[in-house]
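Biologist: I would like a close look at the salt bridges in this protein. Please take me through them one by one, and then show me what surrounds them.

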Amino acid sequence: MERETAFKKEMFVRDETNRQEAEKISRPSVSYWSDAWGRLKENRLAMTGLLIIVLLLIMAIIGPHLNEYSYYEQDFAKKNLPPNAEHWFGTDAAGRDLFTRAWHGARISLFIGFMAALIDFVIGVLYGGISALRGGRTDHVMMRIAEILYAIPYMLMVILIMIAMKRGIWPIIVAMTITGWIPMARLVRGQVLQLKESEFVQAALAMGAKMGWILRKHMIPNTFGPILVNITLTVPTAIFAEATLSFLGLGVPAPQASWGTLASDALGSILVGNFYQLFVPAILISLTMFAFNVFGDGLRDALDPRLRK
């Protein structure tokens, strides 16, 4: 039989840990939005897209003022000049500075994109939220109306409205938002239908809360993540639609210039070898589309609660 080990005082070390320090939470509490921002910063591609968007916005503000040329003054003695030290992006067939016109066009294209997204957000949230909250016959009628409008091809609807209206920035925005709000409304309706059966919404209804208050206080904040992602993807769609309209001759009137107008004006110059006139708006449109799409994808991953650590 093995000999029993004699325990001595020297074999033990006293635990000097402070009880309050031991029970203290070492990791600070992180809110949902702080955690989402932290995960978004770790996504290099999404942050690259955000940086490009910020740079485009800054250049749209200050770009037209970086040289002495205006976007509408014509100088046929300097027409079709390639990029040089005086005209950084070259000149067009009318001798206008393309650098100034490109960043003036950025103002128009980005304004149309953001305004179309904002209007789609407001109408879509209200329509989809009310449809889901009311439910029953109201929901059925409202969604059938939305489906009928959504069945009409988007660009066909926009082109027909633009033909019937006077050319300008606001007519373009109105034409885009006639049916552009429907995807947002369907998204919000789906999210609200999921939240409608939750306990906190049922408690608010039981206490006599009105639907408008529930939509404002409970529904919209809890669906803001998917809505925000949808907005970031709506902006480049609107910009591309505006470029298409301008390319077809239904965009902003001269002498104003959007990126689509610049691309349309450059078609005649391609035949004589002035490819740079088309490259400038094409690169800016492509860069904007890329930036918003990668930022929207990164934002979707960052706001996904299932990926929260």
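Modeller: Start with Arg101 and Asp92. Remember throughout that this is a predicted model. The side chains of Arg101 and Asp92 form a salt bridge, with 3.7 Å from N to O. Are these two residues buried or exposed? Both Arg101 and Asp92 are buried.

Asp92 has another partner. Its side chain also meets that of Arg96 in a salt bridge, at 3.0 Å from N to O. Arg96 is buried, as is Asp92. Put the pairs together and you get a network of salt bridges that links Asp92, Arg96 and Arg101.

How many salt bridges does the whole structure hold? The search finds seven.

One more deserves a close look. The side chains of Asp139 and Arg189 meet in a salt bridge of 2.8 Å, N to O. Asp139 sits in helix α5, residues 136-151, while Arg189 sits in helix α8, residues 182-196, so this pair ties together parts that are 50 residues apart in sequence. The two partners can be read by their accessibility. Asp139 has a relative accessible area of 11%, so Asp139 is buried. Arg189 has 23% relative accessibility, so Arg189 counts as partly exposed.

Stay with helix α5 for a moment. Glu147 is found there too. Its relative accessibility is 40%, so Glu147 counts as partly exposed. The side chain of Glu147 is joined to that of Arg144 by a polar contact of 2.7 Å. Glu147 and Ile182 are 35 residues apart along the chain, and their C-alpha atoms are separated by 8.2 Å.

Now step back to the fold around these pairs. The protein chain has 13 helices and zero strands. Of its 309 residues, 41% are buried. Take the contacts between residues at least 6 apart in sequence: 70% of them join residues at least 24 apart.

What about the nonpolar residues? In soluble globular proteins, nonpolar side chains tend to be buried together. In this model, the largest nonpolar core has 31 residues. Those with the most contacts inside this core are Leu40, Trp103, Ala106, Trp259, Leu262, Leu284 and Leu299. Six elements are worth finding on the model. Helices α2 (32-42), α3 (44-62), α4 (98-134), α10 (211-247), α11 (259-265) and α13 (276-303) each give two or more residues to this core. Which helix gives the largest share? That is α13, with 10 residues.

Pick out Ala106 as an example. Leaving aside its neighbours within four places in sequence, Ala106 is in contact with Ala60, Phe111 and Trp259. There is also a second, separate core of 17 residues, which includes Ile161, Met176, Ala238 and Ala241.

Finish on the outside. A nonpolar patch on the surface is formed by Leu51, Val54, Leu55, Ile58, Ile61, Ile62, Leu66 and Trp88. Together they have about 720 Å² of accessible area. Look at Val54, which lies in helix α3. With a relative accessible area of 37%, Val54 is partly exposed. Over the whole protein chain, about 18,200 Å² is exposed, and carbon and sulfur atoms supply 63% of it.

Notes: Residues numbered from 1 in each chain as written. Predicted model: local features only at pLDDT ≥ 70, side-chain atom pairs only at ≥ 80, totals over all residues. Heavy atoms only, no water. Salt bridge = Lys/Arg side-chain N within 4 Å of Asp/Glu carboxyl O. Buried < 20%, exposed > 50% of the residue type's maximum accessible area, 1.4 Å probe, protein only. Helix = DSSP H or I, 4+ residues; strand = E, 2+ residues; numbered from the N terminus. Polar contact = N/O pair within 3.5 Å; in protein donor to acceptor, adjacent residues only side chain to side chain. Core = buried A, V, L, I, M, F, W, Y, C linked by side-chain atoms within 4.5 Å. Contact = heavy atoms within 4.5 Å. Patch = residues over 30% accessible without salt bridge, like charges linked within 9 Å, V, L, I, M, F, W, Y side chains within 5 Å. Areas by Shrake-Rupley, 256 points an atom, 1.4 Å probe, with all protein chains shown as cover.
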